[in-house]
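Colleague: I would like a close look at one part of this chain, its nonpolar interior. Please take me through what packs there and how the surrounding elements contribute.

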Amino acid sequence: MISEYAKEVSGAERCSIFIYNPKIQMLWTRLADGIEKIMVHVDDGIVGSTVREGKPILVNNPYDDERFLHTIDNKTGFVTENIASIPIFDSKRHIIGVFQLLNKPEGFSSEDAKFMIFFAHYISGYLELAMLFDDGASLLNKGTE
């Protein structure tokens, strides 16, 4: 639902919400249009750069950007034309994820980044609660094993 709304409002073709696991230094998403699951190390890709830098990254020519992971496009057959990548912070200002939009027809601007920062704030509470719930459920399951 979040992904669909973000695409509708921004005019982007795809949306992904990556969750960051600092223990293993990986980002993963199941909320990627047309893809079952993507996992990326924090040292790789524009999504990883977003976590390391802690600020929005707009790339309107990804194939010319050395950070871009061509392997994901190769694997999926999707052609990425432009990327807006925004960190998602929890209530303690730790990065818990990255919100990405792909392929806006006219490319991404600083105005798009402002909207996405607002949107990332909007979804951060939901993601933080979901992660806390997931951690709590894991602890409960360990107690019953």
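Modeller: The accessible surface of the chain comes to about 8600 Å². Carbon and sulfur atoms hold 55% of that surface. Keep in mind that this is a predicted model. Of the 145 residues in the chain, 46% are buried.

Next, the overall layout. The chain has four helices and six strands. Read from the N terminus, the order is α-β-β-β-α-β-α-β-β-α. Among contacts with a separation of 6 or more, 50% join residues 24 or more positions apart.

Now the interior itself. The largest nonpolar core has 19 residues. Ile17, Ile88, Phe99, Leu101, Ile123 and Leu127 have the most contacts inside this core. Five elements give two or more residues to the core: helices H1 (2–10) and H4 (110–144), with strands S1 (14–21), S5 (83–89) and S6 (95–102). H4 gives the most, with six residues.

Take Ile88 as a way in. Leaving aside residues up to four places away in sequence, Ile88 touches Ile17, Phe99, Ile123 and Leu127, among others. Those four are also listed with Ile88 among the residues with the most contacts inside the core. The neighbours of Ile88 also include a run from His94 through Ile95, Ile96, Gly97 and Val98. Ala120 and Ser124 touch Ile88 as well.

There is also a second, separate core, of eleven residues. Ile38, Val42, Val51 and Phe89 are included in it. Follow Ile38 into strand S3 (residues 38–41). Ile38 and Val40 form the covered face of S3. Met39 and His41 form the uncovered face. S3 pairs with strand S2 (residues 26–29) in the antiparallel sense, over four bridges. In that pairing, Thr29 stands opposite Ile38.

Back to H1, one of the elements that supply the largest core. Which residues of H1 are buried? They are Ile2, Ser3, Ala6, Lys7 and Ser10. Seen down the axis of H1, these buried residues fall within an arc of 130°, so they line one face of the helix. Just after H1 comes Gly11, with a positive phi of about 85°.

To recap, the largest core has 19 residues, and H4 gives it six. The second core is separate and holds Ile38, a residue on the covered face of S3.

Conventions: Residues are numbered from 1 along each chain as its sequence is written. This is a predicted model: local features need pLDDT of at least 70, side-chain atom pairs count only at pLDDT 80 or more; totals for chains, interfaces and linings use all residues. Side-chain values use heavy atoms; hydrogens and water are left out. Buried means under 20% relative accessible area, exposed over 50%, partly exposed in between (1.4 Å probe, protein chains only). Two strands pair if DSSP finds at least two bridges between them. A nonpolar core is a set of buried Ala, Val, Leu, Ile, Met, Phe, Trp, Tyr and Cys residues joined through side-chain atoms within 4.5 Å. Contact means heavy atoms within 4.5 Å. Accessible areas come from the Shrake-Rupley method with a 1.4 Å probe; for residues, only the protein chains shown count as cover. The arc is that of the directions from the helix axis to the C-beta atoms.
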